[in-house]
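Me: Got a model open here and want a quick walk through it. Can you take my questions as they come?
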Amino acid sequence: MKKFIQQYGALIALIVLIIFNTIWQGHDFYAAENIRNILAQNSAKGMIAIGMTLVIIAGGIDLSVGSMVGLLSVLILLGLNKWNSMPAAYGIAIFGGILIGFFNGLLVSLGRIAPFVATLAGLGAFRSLAMAITNAGQVTTTNPNFENIANGGFPLPGLHTVSGDPLVIYWPILVFFGLGAIAAFILNRSVFGRRLIATGANEQASEYSGIKTNSVKLASYSLLGLMTGIAALCLTARYNSASSATQGLYYELDAIAAVVIGGTSLSGGRGRIGTTVIGVLILGLVDNMLTTKGIDSNWQGCVKGVIILLAVLLQRNSSRK
């Protein structure tokens with residue numbers, strides 16, 4: 001029984017939360033529009049959490065992703081305004097994200113700098129750079145096509161919003177689950193996935209067995225950068241603007257929290273993408289529950305902190321078995 005709870009603890013917690021919210025909020029919670037909105041609000045964080053899972057399984061961590069979102073969001077909008085080109089926005093998000101992730105990977109793998117220290121420096125540097133470029137201000141765009149990235153999608157048959165319009169499932173939601181499926185396939189079914197797990201479990205033994213661990217870590221950070229770039233694109237399109245000071249603020253904490261709640265070991269070598277997705281949904285439901293009931297935002301961080309502590313305690317007990 002204990003093993004079952006440890007293995008499926010995140011899923012059990014999600015089901016309990018759904019039941020609790022259904023009883024507490026009633027139709028306001030399980031209405032299709034509310035569920036769609038919860039997924040939309042957390043899809044960007046979810047994309048980052050998926051990339052973070054790969055990095056943590058490989059034995060690393062990245063504290064700079066929130067600041068990366070801020071910097072990339074600013075660059076996306078500036079590029080879009082300069083060239084008035086949607087491909088330019090896509091290019092900056094994708095290649096900019098990969099480039100920054102690659103840079104973090106270089107510091108960790110070839111630079112031999114501890115992941116915590118290397119990415120902590122990035123946390124401050126990327127945010128500072130975004131604020132310097134915009135003079136600590138906000139960037140907006142008037143491109144009429146940009147917001148369609150976040151607000152476009154396809155209508156779900158038979159479902160409507162409160163106002164009677166067809167209920168549209170947004171592109172970022174589909175991208176979130178699509179990236180989750182791809183990452184799960186890479187982790188569970190590819191040679192790279194096995195090398196990722198082996199590197200996180202025992203880096204020295206992996207090197208002795210012929211695995212180029214530096215390349216593995218470099219690739220994991222690059223993938224996280226790619227997913228952070230896509231998340232920044234979706235988030236910026238959602239609001240059609242970006243504040244250099246607050247865009248993506250604390251996203252690194254939410255991403256790491258989702259990974260931990262999902263049961264991925266912070267010491268590396270063990271973890272699953274599916275449970276990280278569940279971790280994202282748990283945090284999203286908690287946010288929705290507290291916001292809907294008007295709980296002071298100052299207390300919401302405490303609630304999340306308790307959830308994370310419980311997840312870590314469960315994980316520690318599991319590792320002792």
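Me: Where does Asn240 lie?
Reply: In a loop. Asn240 sits between helix 11 (213-239) and strand 4 (241-243). Bear in mind that this is a predicted model.

Me: What is the phi of Asn240?
Reply: Positive, at about 60 degrees. Asn240 is not a glycine.

Me: OK, over to Asn135. What about phi there?
Reply: Asn135 has a positive phi too, about 55 degrees. Again, the residue is not a glycine.

Me: And which elements flank Asn135?
Reply: Helix 6 (115-134) comes before the loop that holds Asn135, and strand 1 (138-140) comes after.

Me: Is Asn135 buried or exposed?
Reply: Exposed. Its relative accessible area is 68%, and the cut-off for exposed is over 50%.

Me: Change of topic. Where is Ser109 found?
Reply: In helix 5, which covers residues 86-109. So Ser109 is the last residue of that helix, because the helix is a run of residues 86-109.

Me: Buried or exposed for Ser109?
Reply: Buried. Ser109 has just 1% relative accessibility, and buried means under 20%.

Me: What does the side chain of Ser109 reach?
Reply: The backbone oxygen of Gly105, at 2.6 Å.

Me: Which residues does Ser109 touch, leaving out those up to four places away in sequence?
Reply: Three of them: Asn214, Lys217 and Leu218.

Me: Let's zoom out. How many helices and strands does the protein have?
Reply: 14 helices and four strands.

Me: What radius of gyration does the protein have, and what would a compact globule have?
Reply: The protein has 20 Å. A compact globule with 321 residues would have a value near 20 Å, so the two agree.

Me: What box do the C-alpha atoms fill?
Reply: Roughly 60 × 55 × 35 Å, along the principal axes.

Me: How much of the protein counts as buried?
Reply: 48% of the 321 residues.

Me: And what area does the protein expose?
Reply: About 15,200 Å². Carbon and sulfur atoms supply 65% of that area.

Me: What about contacts between residues at least 6 apart in sequence: what share joins residues at least 24 apart?
Reply: 76% of those contacts.

Me: Last one, charges. How many positive and negative side chains are there?
Reply: 20 positive and 11 negative. The centres of the two sets lie 14 Å apart.

Note on methods:
Residues numbered from 1 in each chain as written. Predicted model: local features only at pLDDT ≥ 70, side-chain atom pairs only at ≥ 80, totals over all residues. Heavy atoms only, no water. Helix = DSSP H or I, 4+ residues; strand = E, 2+ residues; numbered from the N terminus. Rg over C-alpha atoms; globule rule 2.2 N^0.38 Å. Buried < 20%, exposed > 50% of the residue type's maximum accessible area, 1.4 Å probe, protein only. Contact = heavy atoms within 4.5 Å. Areas by Shrake-Rupley, 256 points an atom, 1.4 Å probe, with all protein chains shown as cover. Lys, Arg positive; Asp, Glu negative; His and termini not counted. Charge placed at Lys NZ, Arg CZ, Asp CG, Glu CD. Polar contact = N/O pair within 3.5 Å; in protein donor to acceptor, adjacent residues only side chain to side chain.
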